[in-house]
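Below is a short report on one protein model. Keep the sequence and the coordinates open while reading.

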Amino acid sequence: FPAYDLIDHHPNYQFDNQLFDGKMMTQILTATGSNQKCNFCSAQLVYEPFKDRIVINHLERLVELGFDAVFFNDPNFTSPWRGDGETTSHEIDVKDRYGRVKGLMHALIDSGVNRELVWGCQTKATMVNPELLDLMVKAGCGYITYALENVDRDSLKQLQKGVTPEAVAYAIRLSKERGIKTGLYVMLGTKPDAEENITILQRTLDYVEEIRPGYLSTSVLAHYPMIDRETGQKIHTELDYASKRYNRESVWLTFDEGWGAFHPYCDAEQAGKYRDEIFSRMMTKKDIWNNIRFF
């Protein structure tokens, strides 16, 4: 398990056909859960990274099946983790907050998987540094998506994001300098006031144009039922599948979360305004937006 050979493969499956140069791609996890406190994320399980040998076994099996590109779909691939000393088979300083991911990088290199697969991941901008990125490139990393969300500091604080726009810009720059393709997640509709959200969108798109990622994903703040980690209480119970109190208009297909989400501060009309602002940028600033691909 998993029996990859029983899964139908779609040869054209890609986030984007340029991302991994048309290579045969799939996704796997190297950990479950998340050790971050973002209060909008559905990754509510305790963070449990898999042992290096388990990840390498999965990847070697994928190589046997003809895959040559992988996206590690962990919420934060480079999460700090010292763990119990059994996750990695490599001698890593227990004081190194990136010991787990460094151990996995060395395992990719030692096994030779880095010569067989190019891979990408998503992580937090505050969870990379030059040394770690150098090792990731050596281990086969070709793409990283970072979550900017937006540039409104009050929104970021309320979401418990724990990151600043400046940190994201720095991570993008470090990644580009090493030849890593970069992507951004942007989240809109984080305020109750509709006009304020439009202003935040415009400022955020200005920032995207400034740091120029290669790829961009846009979403609108959505609430999913979950347990608050601080209080243990159920929160975001607005989404009620029984009564279908969630958005179904076609405009939501423009955004990453699509249908089946409850947007607390945004209706379809407001979402249309977000979409129109983004499309307007694409038409009026083609020199910038022709080089940013949506996923």
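The report goes from overall figures to cores, a cavity and single residues.

## Overall figures

The model is predicted. The protein has 295 residues, and 49% of them count as buried. Its secondary structure comprises 8 helices and 11 strands.

About 14,600 Å² of the protein is exposed, with carbon and sulfur atoms supplying 50% of that area. Consider the contacts with a separation of 6 or more: 69% of them join residues 24 or more positions apart.

## Nonpolar cores

The largest nonpolar core holds 61 residues. Which of its members touch the most others? They are Leu-59, Met-105, Trp-119, Met-136 and Tyr-146. Another core lies apart from that one and has 7 residues, including Phe-20, Phe-71, Tyr-143 and Tyr-215.

Tyr-146 shows how one such member is surrounded. Leaving out residues up to four places away in sequence, Tyr-146 touches Thr-123, Lys-124, Ala-125, Val-128 and Leu-133. Its partners further along the chain are Val-168, Ala-171, Ile-172, Ser-175, Gly-183, Leu-184 and Tyr-185.

## A cavity and its lining

Rolling a probe the size of a water molecule over the atoms reveals where empty space remains. How many cavities of 30 Å³ or more does a search of the whole structure find? The search finds 2. The second largest has a volume of about 30 Å³.

Which residues line the second largest cavity? Leu-59, Phe-72, Leu-108, Val-113, Asn-114, Leu-117, Trp-119 and Ala-139 do. By class, 7 of these lining residues are nonpolar, 1 is polar and none is charged. The polar one is Asn-114, because residues outside the nonpolar and charged lists count as polar. Two of the lining residues, Leu-59 and Trp-119, are also among the members of the largest core that touch the most others.

## Buried strand positions

Val-70 sits in strand E4, which spans residues 69-72. Is Val-70 buried or exposed? Val-70 counts as buried because its relative accessibility is 0%, and the limit for buried is under 20%. Beyond residues up to four places away in sequence, Val-70 touches Phe-20, Thr-26, Ile-28, Leu-59, Leu-62, Leu-117, Val-118, Trp-119 and Gly-120. Leu-59, Leu-117 and Trp-119 in that list also line the second largest cavity. Val-70 and Leu-29 are 41 residues apart along the chain, with 10.0 Å between their C-alpha atoms.

Thr-145 belongs to strand E6, residues 141-149. Its relative accessible area is 1%, so Thr-145 is buried. Its contacts, again without residues up to four places away, are Cys-121, Gln-122, Thr-123, Gly-183, Leu-184, Tyr-185 and Phe-295. Gln-122 is 23 residues away from Thr-145 along the chain, and their C-alpha atoms are separated by 4.5 Å. Thr-123, Gly-183, Leu-184 and Tyr-185 are touched by Thr-145 and also by Tyr-146.

## Two helix positions

Arg-100 is part of helix H2, residues 99-111. Where does its accessibility place Arg-100? At 2%, this arginine counts as buried. Arg-100 and Pro-80 are 20 residues apart in sequence, and 7.2 Å apart from C-alpha to C-alpha.

Ala-194 is in helix H6, residues 194-211. Its relative accessible area is 32%, so Ala-194 is partly exposed, between the limits of 20% and 50%. Along the chain, Ala-194 and Cys-266 are 72 residues apart. Their C-alpha atoms are separated by 7.5 Å.

## Positive phi in loops

Most residues other than glycine have a negative phi. Two residues here are worth a look.

Gln-160 has a phi near 60°, a positive value, and is not a glycine. Gln-160 lies in the loop between helix H4 (153-158) and helix H5 (165-177). With a relative accessible area of 34%, Gln-160 is partly exposed.

Arg-212 is not a glycine either, and its phi is positive at about 50°. Which elements flank its loop? Arg-212 lies between H6 and strand E8 (215-220). Its relative accessibility is 41%, so Arg-212 counts as partly exposed.

How values were computed:
Residues are numbered from 1 along each chain as its sequence is written. This is a predicted model: local features need pLDDT of at least 70, side-chain atom pairs count only at pLDDT 80 or more; totals for chains, interfaces and linings use all residues. Side-chain values use heavy atoms; hydrogens and water are left out. Helices (H or I, at least four residues) and strands (E, at least two) are DSSP runs, numbered from the N terminus. Buried means under 20% relative accessible area, exposed over 50%, partly exposed in between (1.4 Å probe, protein chains only). Contact means heavy atoms within 4.5 Å. Accessible areas come from the Shrake-Rupley method with a 1.4 Å probe; for residues, only the protein chains shown count as cover. A nonpolar core is a set of buried Ala, Val, Leu, Ile, Met, Phe, Trp, Tyr and Cys residues joined through side-chain atoms within 4.5 Å. On a 1 Å grid over the protein atoms alone, a cavity is a set of points where a 1.4 Å probe fits but cannot get out, and a pocket is an open set with protein on both sides within 12 Å along at least five of seven lines; lining residues have an atom within 4 Å of a point. Grid points are joined across faces, edges and corners, and a volume is the space filled by probe spheres set on the points.
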